[in-house]
Amino acid sequence: MSAVPLLDPLAAYALWAPEYPPHAHNPVMQAEERAMHALLPASLEGLSVLDAGCGSGRYLLQALQRGAGQVTGVDLSAHMLQRAARELDAAGHHGRYALHQASLEQLPVADASADLTLCGLVLGHLPALLPALSELHRATRPGGLVLCSDVHPIGHALGWTRAFKAGGQRYAVRHAQHLYSHWHGACARVGLAIEAVLEPMLDPNDIAAGAHFDPLALQVPVALVLQLRRPA
Ligand SMILES: C[S@@+](CC[C@H](N)C(=O)[O-])C[C@H]1O[C@@H](n2cnc3c(N)ncnc32)[C@H](O)[C@@H]1O
């Protein structure tokens, strides 16, 4: 059996973008999204929302649906941003968002410009938390909220990869394991207060009949979701 090629995020998401819908499209994302929703304010009326690593626009769409006033997405991948623009326009949001191609380590946004910063399933693609968390802190206004999710570090220990298929070929995307102690240390360094930590589990109802998956996946959390706040 040939090894699955391991790609860096830029190469991986260029291939994955056409197949990457702007909604939770597997049981891990569904578990992660339920936890993010538990922490997301029901109304974002008039708020300025930054989605760092916005991908194909899942949380941008949801922020607009919840009434966000100004919505900005940043992503490393031009292909994912093109997909996000198409999805946002198709949902009738043309002219209501801004998208920028950049890395989380150098966000092209003004200091303290976001009331709420979202960062869904991105930070595992970066080798270190500190530079990105420092930018999320800078971009968020004093008193503002930062909601971050990552695949749970236990998955790495169990040998799970972040795999996908494109053109009939299987690939994996580079991923670094960020333990809770890494989050704790990096948040303390940049000045983000950790207000809540969720570790959602899979819902067996989300798993398609006949799907091949590691049965251990039902016994461990699959995502790490953190509510952080930049102190006022
Ligand atoms: C798993 S997808 C998640 C997309 C979206 N946040 C969501 O939850 O649906 C990860 C995204 O992170 C982006 N990404 C990876 N490394 C990045 C970096 N250093 N800076 C910005 N975006 C990055 C990828 O291009 C991809 O769109």
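**The ligand and the two largest pockets**

Colleague: Which kind of ligand atom lies 3.0 Å from a backbone N or O atom of Leu-104?
Modeller: Residues are numbered from 1 along each chain as its sequence is written. This is a predicted model in which local features need pLDDT of at least 70, side-chain atom pairs count only at pLDDT 80 or more, totals for chains, interfaces and linings use all residues, and side-chain values use heavy atoms, without hydrogens and water. On the Leu-104 side the atom belongs to the backbone; on the ligand side it is a nitrogen atom.

Colleague: Which residue puts a side-chain N or O atom 2.6 Å from a ligand oxygen atom?
Modeller: Gly-53 is 2.6 Å from the ligand too, but through a backbone N or O atom and to a ligand nitrogen atom. The side-chain approach to a ligand oxygen atom comes from Asp-75.

Colleague: How much of the ligand's exposed area does the protein bury?
Modeller: Taken alone, the ligand exposes 590 Å² (Shrake-Rupley method, 1.4 Å probe). The share that the protein buries is 98%.

Colleague: Which pocket does the ligand occupy?
Modeller: A pocket is an open set of points on a 1 Å grid over the protein atoms alone, where a 1.4 Å probe fits, with protein on both sides within 12 Å along at least five of seven lines; lining residues have an atom within 4 Å of a point. A molecule sits there if more than half of its atoms lie within 2 Å of the grid points. The ligand's space is the second largest pocket.

Colleague: Which elements give two or more residues to the shell around the ligand?
Modeller: The ligand is surrounded by 22 residues (a heavy atom within 4 Å), and 13 of them are nonpolar, 6 polar and 3 charged. The elements with two or more residues there are α1 (9-16) and α3 (58-65).

Colleague: Which element gives the largest share of the lining of the second largest pocket?
Modeller: This pocket has 29 lining residues, and Tyr-13, Gly-53, Asp-75, Val-122 and His-125 are the closest to its centre. At least two lining residues come from each of α1 and α3. The largest share, 3 residues, is that of α1.

Colleague: How much space lies in the largest pocket?
Modeller: Its lining has 21 nonpolar, 9 polar and 3 charged residues. The second largest pocket has about 480 Å³, whereas the largest pocket holds about 1,100 Å³.

Definitions and conventions: Polar contact = N/O pair within 3.5 Å; in protein donor to acceptor, adjacent residues only side chain to side chain. Helix = DSSP H or I, 4+ residues; strand = E, 2+ residues; numbered from the N terminus. Nonpolar A, V, L, I, M, F, W, Y, C, P; charged D, E, K, R; others polar. Points joined across faces, edges and corners; volume = space filled by probe spheres on them.
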